[in-house]
Amino acid sequence: MASSKEYLNYILEQLGSLDEISSRPMMGEYIIYYKGKVVGGIYDNRFLLKQTKSSRELMPGAPLELPYDGVKKMLLVDNVEDAELMEKVLSSMYDELPAPKKRKK
């Protein structure tokens with residue numbers, strides 16, 4: 001099942017207090033970027049974040065879910081309305097995430 005544009009817009013609206021949040025469609029789903037780094041995505045209308053030390057510490061009760069077969073489990077965000085927590089989680093994750101890969105031309 002592909003994610004809806006409406007759900008993407010809802011998530012982006014909830015993250016609106018953060019600068020440099022963006023998204024990109026990818027095979028019916030959406031990748032979420034923070035300051036150019038991939039932090040997670042929208043998969044089957046679920047907002048999932050990458051597991052990092054910070055994200056696990058700040059969201060200790062978050063269930064782990066597979067975005068799709070063959071990849072690592074990610075943290076399910078079930079309280080995206082908590083803007084303060086989301087800002088803290090994404091800001092903390094930023095330094096732990098790898099730099100974006102250079103695209104070949």
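In this predicted model, Ile-21 finds its bridge partner in E2, namely Tyr-34. That contact belongs to a ladder of six bridges through which strand E1 (residues 21-26) and strand E2 (residues 29-34) pair in the antiparallel sense. The two strands make a hairpin with just two residues between them. One residue of the turn, Met-27, takes a positive phi of about 50°.

Next, the aromatic residues. Three aromatic pairs turn up when the whole structure is searched. One of them joins Tyr-7 and Tyr-10, with 6.1 Å from centre to centre and 40° between the planes, a tilted arrangement. Both tyrosines sit in helix H1 (residues 5-14), where they are three residues apart, or about one turn of the helix. An α-helix has 3.6 residues a turn, so residues three or four places apart point the same way. Tyr-10 counts as partly exposed because its relative accessibility is 29%, between the 20% and 50% cut-offs.

Tyr-43 and Tyr-68 also pair up: their ring centres are 6.0 Å apart and the planes meet at 50°, so this pair is tilted too. Here the pair ties together distant parts of the chain, 25 residues apart. Tyr-43 belongs to strand E3 (residues 37-43), while Tyr-68 comes from the loop between strand E5 (64-65) and strand E6 (74-76). The two partners also differ in their surroundings: Tyr-43 is buried, at a relative accessible area of 8%, whereas Tyr-68, at 45%, is partly exposed.

Another tyrosine, Tyr-94, has lysines over its ring. The charged end of Lys-35 sits over the ring at 5.5 Å from its centre, and Lys-37 lies over the face of Tyr-94 at 4.1 Å from the ring centre.

Tyr-94 is also where helix H3 (residues 83-94) ends. At 1.5 Å a residue, the twelve residues of H3 should span 16 Å, and the end C-alpha atoms are indeed 16 Å apart, so the expected and modelled spans agree. Which residues of H3 are buried? They are Met-86, Val-89, Leu-90 and Met-93. Looking down the axis of H3, these buried residues fall within an arc of 90°, so they line one face of the helix. Glu-84 and Lys-88, on the other side of H3, are exposed. As for what covers the buried residues of H3, the list includes both hairpin strands, E1 and E2, along with E3, strand E4 (46-49) and helix H2 (53-58).

Definitions and conventions
Residues numbered from 1 in each chain as written. Predicted model: local features only at pLDDT ≥ 70, side-chain atom pairs only at ≥ 80, totals over all residues. Heavy atoms only, no water. Pairing = 2+ DSSP bridges. Helix = DSSP H or I, 4+ residues; strand = E, 2+ residues; numbered from the N terminus. Phe/Tyr/Trp six-rings, centres within 6.5 Å; stacked < 30°, edge-to-face > 60°. Buried < 20%, exposed > 50% of the residue type's maximum accessible area, 1.4 Å probe, protein only. Lys NZ or Arg CZ within 6 Å of the ring centre and 35° of its normal. Expected span 1.5 Å × (residues − 1). Arc of directions from axis to C-beta. Contact = heavy atoms within 4.5 Å.
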